[in-house]
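Subject: Structure handover and findings

Dear colleague,

I am passing the structure below on to you, together with an account of what was found in it. Please read the notes that follow with the coordinates open beside them.

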Amino acid sequence: MALLAKPDRERGFNKGRIIRVLLNHMGDGLTKYRLAQLSEASEPWTRQYTDQLEEQGLLEGTEVVAPERLYRIWLEQRIEPNHLEVSLQQPMDLLAETDLRYALTTYQAENLHQGLLFTSTTDFYIAPEEITEWLAIIEDNGLLGGGNTRIRVLDDHVFYNHQEVDGFPTVSIPQLILDLLAEGGPCEEAAEKLIDSNHGENQW
């Protein structure tokens, strides 16, 4: 199904991958070579892009000095994941039983990590190579169309440094913050609180 195809914007993923790694490794003293490895980007391109971020006052070397502003840059250039809206009777029960790869984000993931938002919607990323298997599960257990669940497909790097809380996998905290900011509304407030608790005082 086209809605669940992997977005065909490979070159555009590199900036997001680099920022994702930078925010996941604040204080770790990454070399630019190691940053390129973890970001799955070329070293020359990584050096060029981090130099640009440093000129904007967001980095010193590979150390993030303005996390709030860097999240805004990431949000501005964020590649929208392809997604499919479905109705599932008990989405979390279904996820608890599957052996397929996934990572929760937005409402459910925020609730597991912080507990501020009501879990009105279940959003999760799936592995691009398992789209067919997920569509079979939906056919057996749910209905296509607007519902309580949104299944997302991006590049595989979205699973970078994923977490596990109460037996459920979630995206990394930086990826969760980005997705909450993109959702807007109450999710933005939840994102700001996560930034405060994970990256220090907020300076929005």
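In which helix does Gln108 lie? Before the answer, please keep in mind that this is a predicted model. Gln108 belongs to helix α6, which covers residues 106–113, and with a relative accessible area of 10% this residue counts as buried, because the cut-off for that class is under 20%. Leaving aside residues up to four places away in sequence, Gln108 is in touch with Met92, Thr119, Thr121 and Thr122.

On aromatic contacts, a search through the whole structure gives five aromatic pairs. One of them joins Phe124 and Trp134 in a tilted arrangement, with 5.2 Å centre to centre and 50° between the planes. This pair links distant parts of the chain, given that Phe124 is in strand β5 (residues 122–126) while Trp134 is in helix α7 (residues 131–141), 10 residues apart. Phe124 has a relative accessible area of 2% and is therefore classed as buried, and Trp134, at 1%, is likewise buried. Together with Tyr102, the residues Phe124 and Trp134 make up one aromatic cluster. A ring also takes part in a contact with a charge: the charged end of Arg101 sits over the ring of Phe159, at 4.1 Å from the centre of that ring.

Turning to helix packing, two packed helices are described by the angle between their axes and the distance between the axes. For helix α4 (residues 67–76) and helix α8 (residues 173–183), the axes come within 10 Å and cross at roughly 65°, and the crossing in which α4 passes α8 is right-handed. On the α4 side, the contact is made by Tyr71, Arg72, Trp74 and Leu75, and on the α8 side by Pro174, Gln175, Ile177, Leu178, Leu181 and Ala182. Sorted by residue type, this contact of α4 with α8 comprises eight nonpolar residues, one polar residue and one charged residue.

Lastly, a loop residue: is Gly29 buried or exposed? Gly29 is placed in the loop between α1 (10–24) and α2 (32–39), and its relative accessibility of 58% makes it exposed, because the class begins over 50%. The C-alpha atom of Gly29 is separated by 29 Å from that of Leu104, a residue 75 positions away along the chain.

With kind regards

How values were computed
Residues are numbered from 1 along each chain as its sequence is written. This is a predicted model: local features need pLDDT of at least 70, side-chain atom pairs count only at pLDDT 80 or more; totals for chains, interfaces and linings use all residues. Side-chain values use heavy atoms; hydrogens and water are left out. Axes are lines fitted to C-alpha atoms, for helices over the stretch in contact, and angles run from 0 to 180 degrees between N-to-C directions. Helices (H or I, at least four residues) and strands (E, at least two) are DSSP runs, numbered from the N terminus. A crossing is left-handed if the near helix is turned anticlockwise from the far one by less than a right angle, and right-handed if clockwise. Contact means heavy atoms within 4.5 Å. Ala, Val, Leu, Ile, Met, Phe, Trp, Tyr, Cys and Pro count as nonpolar, Asp, Glu, Lys and Arg as charged, and the others, Gly among them, as polar. Buried means under 20% relative accessible area, exposed over 50%, partly exposed in between (1.4 Å probe, protein chains only). Rings of Phe, Tyr and Trp (its six-membered ring) pair if their centres lie within 6.5 Å; planes under 30 degrees apart count as stacked, over 60 as edge-to-face and the rest as tilted. A charge sits over a ring if NZ of Lys or CZ of Arg is within 6 Å of the ring centre and within 35 degrees of the ring normal.
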